Amino acid sequence: MDLRCRKTNCEYNKDLTCTALKINITNKLVCKSYKKGKEDKIKDFSSKIFSDSPPKIAPYRHIKNSNLVCNAKCLFNVNGECISNGITVNSSLSNEPKCITYMIK
């Protein structure tokens, strides 16, 4: 599983990849593992991806033993565990860190 995070102000965000040992997604899709860290200068990196100075993005890395607890009514939720190949948490521009990989069951 590849864990991508656009919450650039999260303590666990390393080059747009989540490094938390455990991730808990609530029934309202909110990432409870989010910990506000230092403010990052990249608020919305979307417009910078194809620019002359794109943000550094960590390469894909498969995490075999991810501890991703999910309480959402989502297609990828099987017995409280996420079975998706990867998830993405929304950008730092939004108030709550929400899973945007969510698919209606």
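These are my notebook entries on the strands, core, cysteines and cavities of a predicted model.

**Entry 1: layout**

I started with the secondary structure. I found eight strands and zero helices. Read along the sequence, that gives β-β-β-β-β-β-β-β. I then looked up burial: of the 105 residues in the protein, 41% are buried.

**Entry 2: strand pairs**

I went to S1 and S8 next. They pair in the parallel sense, with four bridges between them. For one residue to look at on screen, I took aspartate 2, which stands opposite glycine 86 in S8.

S4 and S5 also run parallel, and four bridges join them. Here I noted isoleucine 23, whose bridge partner in S5 is leucine 68.

**Entry 3: which way the side chains face**

Which residues of S5 are on its covered face, and which on its uncovered one? Leu68 and Cys70 make up the covered face, while Asn67 and Val69 make up the uncovered one.

S8 reads another way. Gly86 and Thr88 point to one side and Ile87 and Val89 to the other, and all of them are buried.

**Entry 4: the core**

I looked up the largest nonpolar core, which has 17 residues. The members touching the most others are Leu3, Cys18, Ile23, Ile25, Leu68, Cys82 and Ile87. S1, S4 (22–25), S5 (67–70) and S8 each put at least two residues into this core. So Ile23 and Leu68, the bridge partners from Entry 2, both turn up in that list of core residues. As background, nonpolar side chains in soluble globular proteins tend to be buried together.

**Entry 5: cysteines**

How many disulfides does the model have? The count comes to zero. I checked cysteine 31: it is in no disulfide, and the nearest cysteine sulfur, that of cysteine 18, is 6.3 Å away. Cysteine 31 is buried, at 10% relative accessible area.

Why does cysteine 74 have no bond to cysteine 70? The sulfur of cysteine 70 is the closest cysteine sulfur to that of cysteine 74, but at 5.6 Å it is too far for a bond. Cysteine 74 is buried too, with a relative accessible area of 6%.

**Entry 6: cavities**

Last job was the empty space inside. Rolling a probe the size of a water molecule over the atoms shows where such space is left. Searching the whole structure turned up two cavities of 30 Å³ or more.

The largest cavity holds about 100 Å³ of space. It is lined by 14 residues, and Cys5, Cys10, Cys18, Cys31 and Val89 lie nearest its centre. Strands S1 (2–5) and S8 (86–89) are the elements giving two or more residues to this lining. S1 gives the most, with three residues. By class, I noted eleven nonpolar, two polar and one charged residues in the lining of the largest cavity.

The second largest cavity has a volume of about 80 Å³. Its lining has 13 residues, and those nearest its centre are Cys70, Cys74, Cys82, Ile87 and Cys99. The class count for this second lining is eleven nonpolar, two polar and no charged residues.

**Entry 7: cross-check**

I went back over names that kept coming up. Cys18 is on the list for the core and lies by the centre of the largest cavity, among the residues nearest to it. Cys82 and Ile87 are on the core list and among the residues nearest the centre of the second largest cavity.

Definitions and conventions: Residues numbered from 1 in each chain as written. Predicted model: local features only at pLDDT ≥ 70, side-chain atom pairs only at ≥ 80, totals over all residues. Heavy atoms only, no water. 1 Å grid on protein atoms, 1.4 Å probe; cavity = no way out; pocket = protein on both sides within 12 Å on 5 of 7 lines; lining within 4 Å. Points joined across faces, edges and corners; volume = space filled by probe spheres on them. Nonpolar A, V, L, I, M, F, W, Y, C, P; charged D, E, K, R; others polar. Core = buried A, V, L, I, M, F, W, Y, C linked by side-chain atoms within 4.5 Å. Buried < 20%, exposed > 50% of the residue type's maximum accessible area, 1.4 Å probe, protein only. Pairing = 2+ DSSP bridges. Disulfide = S-S within 2.5 Å.
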